[in-house]
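Trainee: Could you walk me through this model and show me how each term is earned?
Mentor: With pleasure; let's put it on the screen.

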Amino acid sequence: MADEALFLLLHNEMVAGLYRAAEQSEGENGRCTTKLESMGFRVGQGLIERFTKDTARFKDELDIMKFICKDFWTTVFRKQIDNLRTNHQGIYVLQDNKFRLLTQMSAGKQYLEYAPKYLAFTCGLIRGGLSNLGIKSIVTAEVSSMPACKFQVMIQKM
């Protein structure tokens, strides 16, 4: 429980610190999102390397996505993804109905515009994990009502 609180506080401070520094130097907010996403990418690579060292090889891309939704998500966020959907053509949608990094914000629509900056790190986390498993992807997030969010993973064929 204490480690979860520390992770939430660290994440909030990372986001606030990057955006505060950007405001002082009049930098672009897009750069902050990119920095958060690249931080998440590196963390995702490291975590997947650590989590999969004792697991058998995955059969296919769907098995990898199931691993991300169950084991990886449970280890990082203390719960599984609520819903995984695919069109079997390289697009996966991971839905979390009570995303931990957004639960601290209001459940109303008043903070909806701030949600994307709190999701950039997690998009990088997913992309980094998949990258270390040999899958190149583009990960985007959308929030229609807080604290639920959807992560769309588009697999790029090589």
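Mentor: Naming comes first: helices are DSSP runs of H or I with at least four residues, strands are DSSP runs of E with at least two, and numbering starts from the N terminus. This is a predicted model, where local features need pLDDT of at least 70, side-chain atom pairs count only at pLDDT 80 or more, and totals for chains, interfaces and linings use all residues. Residues are numbered from 1 along each chain as its sequence is written, and side-chain values use heavy atoms, with hydrogens and water left out.

Trainee: Where does R78 sit, and why is R78 called partly exposed?
Mentor: R78 is in the loop between α3 and β1. Buried means under 20% relative accessible area, exposed means over 50%, and partly exposed is in between (1.4 Å probe, protein chains only). The relative accessibility of R78 is 39%, so R78 counts as partly exposed.

Trainee: What about H88: why is H88 called buried or exposed?
Mentor: H88 has a relative accessible area of 67%, which is over the upper cut-off, so H88 is exposed. Its place is the loop between β1 and β2.

Trainee: What is the phi of R78, and what is the phi of H88?
Mentor: Most residues other than glycine have a negative phi, and most peptide bonds are trans. R78 has a positive phi of about 65° without being a glycine. H88, also not a glycine, has a positive phi of about 60°.

Trainee: Which peptide bond is cis?
Mentor: The one joining M146 and P147, with omega about -10°.

Trainee: Why is P147 called buried?
Mentor: Its relative accessible area is 18%, below the 20% limit, so P147 is buried. P147 lies in the loop between β3 and β4. Contact here means heavy atoms within 4.5 Å. Neighbours within four places in sequence aside, P147 is in contact with D96, N97, K98, F99, L102 and T103. P147 and F99 are 48 residues apart along the chain, yet their C-alpha atoms are separated by 5.6 Å.

Trainee: What makes β3 and β4 a pair of strands?
Mentor: Two strands pair if DSSP finds at least two bridges between them. Six bridges join β3 (residues 137-142) to β4 (residues 149-155), so these antiparallel strands pass the rule. One bridge links V139 with V153. The two strands form a hairpin with six residues between them.

Trainee: What is the strand order in the sheet, and which strands are at its edges?
Mentor: The four strands form an open, antiparallel sheet in the order β1-β2-β4-β3. The edge strands are β1 (83-86) and β3, each pairing on one side only. Inside the sheet, β2 and β4 pair over six bridges, and Y92 stands opposite V153. α3 packs on the sheet and touches β1, β2 and β4, while its direction makes about 15° with that of β2. Such angles run from 0 to 180 degrees between N-to-C directions of lines fitted to C-alpha atoms, taken for helices over the stretch in contact.

Trainee: What makes you call α3 kinked?
Mentor: The bend at a residue is the angle between axes fitted to the seven residues ending there and the seven starting there. For α3 (residues 61-77), the kink is about 35°, centred on I68.

Trainee: What makes a set of residues a nonpolar core?
Mentor: Its members are buried Ala, Val, Leu, Ile, Met, Phe, Trp, Tyr and Cys residues joined through side-chain atoms within 4.5 Å. In soluble globular proteins, nonpolar side chains tend to be buried together. The largest core here has 42 residues, and L94, F99, L102, L130, F151 and V153 touch the most other members. α1 (2-24), α2 (29-51), α3, β2 (91-96), α4 (115-132) and β4 each supply at least two of its residues.

Trainee: How many disulfides are there, and how do you know for C149?
Mentor: A disulfide is a pair of cysteine sulfur atoms within 2.5 Å. The count is zero. The sulfur of C149 is 8.4 Å from the closest cysteine sulfur, in C123, so that pair is too far for a bond. For C32 the closest cysteine sulfur is also in C123, at 16 Å, again too far for a bond.
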